[in-house]
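These are my notebook entries on a structure that I looked through entry by entry. I give the meaning of each term where I first rely on it.

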There are 2 protein chains.
Amino acid sequence: MDPDLLANWTTQLRKGLLELCVLSALKGRRLYGYDIVKRLGAVGGLVMGEGTVYPILSRFKREGLVETSLEESPEGPARKYYQLTPRGRQMLGKMLTVWAEVRDGIDHVAAELLP
Amino acid sequence: MDPDLLANWTTQLRKGLLELCVLSALKGRRLYGYDIVKRLGAVGGLVMGEGTVYPILSRFKREGLVETSLEESPEGPARKYYQLTPRGRQMLGKMLTVWAEVRDGIDHVAAELLP
DNA sequence: ACAGCTACCTTGCGTGGCCATATAGTGTCG
DNA sequence: CGACACTATATGGCCACGCAAGGTAGCTGT
């Protein structure tokens, strides 16, 4: 009940933010899905499973934000690398702007600065 | 399509955050729903309609995070004031901890500091 | 053969934000 | 008086996302 409440809220909190993370992680380089999971797992609060990442990447491709290329792996199945398209970079920029505004808004309210 | 994409993402981004806002706004004082809408409307990125605030407040009451008291208004229908319970204050504290961790994680990734 | 890691993908559920809508009290202007 | 606007609360329905669970498949070591 109490821990559940917080856990559920945390799940809601991550909506949208995880997309921003993945898009940010792809800035300036190409990565494959499994790798993204491992890398973000090292950052506090951003741990996510594969069942979360792959749908995000699929959406990005469908929306033209990323493009993919298959490559063989020395240790396992082929990897599907993702890289940003110009449209993806543009979207990332807009998202970062919105993020900065909202983040500062929250911190403003949390600092008890409301009228 | 492009503006829609960003608008939709923004909606997702706000999930959870608006709850945190409302709870924060109630710290140390009592407010009524309509007032919360007006106050948060002054903060960039946190504008929300009444159809968003009232469900949040209802959930908070159902979960025992706030308690309410009706009061007559000099200019309109009666106001329902909300104030935090001890449980609500505790929840707010935990949420702020999670928020700080996630916020810093995002900014860390956005600063291109991933391994 | 089996276990375990790498690597990809899909289905189904639960939840929250928000538009539209309903209800109602108060004040104002033509 | 009647229309409009503001204050104030509340609800139903749609949609998108996060995620646990499950499935497929390749490669390595015992």
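**Entry 1: two glutamates after a helix**

I looked up B:Glu112 and found it in the segment after α5 of chain B. Helices (H or I, at least four residues) and strands (E, at least two) are DSSP runs, numbered from the N terminus. I noted that the model is predicted, that local features need pLDDT of at least 70 and side-chain atom pairs count only at pLDDT 80 or more, while totals for chains, interfaces and linings use all residues. Residues are numbered from 1 along each chain as its sequence is written, and chains are lettered from A and ligands numbered from 1 in the order in which they are written.

B:Glu112 is not a glycine, yet its phi is positive, at about 60°. Most residues other than glycine have a negative phi. I then asked whether B:Glu112 is buried or exposed. A residue is buried if 20 or more other C-beta atoms lie within 10 Å of its own, exposed if 12 or fewer, and partly exposed in between, with C-beta atoms placed from the backbone. B:Glu112 is exposed because 11 other C-beta atoms lie within 10 Å.

In chain A, I found A:Glu112 in the segment after α5 (86-110). The phi of A:Glu112 is positive too, near 60°. A:Glu112 has 11 C-beta neighbours inside 10 Å and therefore counts as exposed.

**Entry 2: a covered helix**

I next examined α2(A), where 8 of the 9 residues are buried. Among them are A:Leu17, A:Leu20, A:Val22 and A:Leu23. A:Glu19, a charged residue by class, is also on the buried list.

**Entry 3: strands**

In chain A, β2 (residues 66-73) pairs with β3(A) in the antiparallel sense over 7 bridges. Two strands pair if DSSP finds at least two bridges between them. A:Val66 has A:Leu84 of β3(A) as its bridge partner, and a hairpin of 2 residues joins β2(A) to β3(A).

In chain B, I traced an open sheet of 3 strands, ordered β1-β3-β2 with antiparallel pairing. Its edge strands, β1 (31-32) and β2 (66-73), each pair on one side only. β1(B) and β3(B) run antiparallel and are joined by 2 bridges. B:Tyr32 is partnered by B:Tyr81 in β3(B).

**Entry 4: the two DNA strands**

Which residues come nearest to DNA strand C? Of the 32 residues around this strand, they are A:Tyr32, A:Gly33, A:Tyr34, A:Gly51 and B:Gly51. A residue is near a molecule or strand if its C-beta atom, placed from the backbone, lies within 6 Å of it. The surface near DNA strand C has 10 nonpolar, 13 polar and 9 charged residues. For these classes, Ala, Val, Leu, Ile, Met, Phe, Trp, Tyr, Cys and Pro count as nonpolar, Asp, Glu, Lys and Arg as charged, and the others, Gly among them, as polar.

Around DNA strand D I recorded 33 residues, the closest being A:Gly51, B:Tyr32, B:Gly33, B:Tyr34 and B:Gly51. α4(A) supplies the largest share of this surface, 6 residues. By class, the surface near DNA strand D divides into 10 nonpolar, 13 polar and 10 charged residues.

**Entry 5: chain against chain**

Lastly, I looked up the contact between the chains, which takes 39 residues from chain B and 39 residues from chain A. Two residues are in contact if their C-beta atoms, placed from the backbone, lie within 7 Å. On the side of chain B that touches chain A, α5(B) gives the most, with 13 residues. That side has 21 nonpolar, 9 polar and 9 charged residues.
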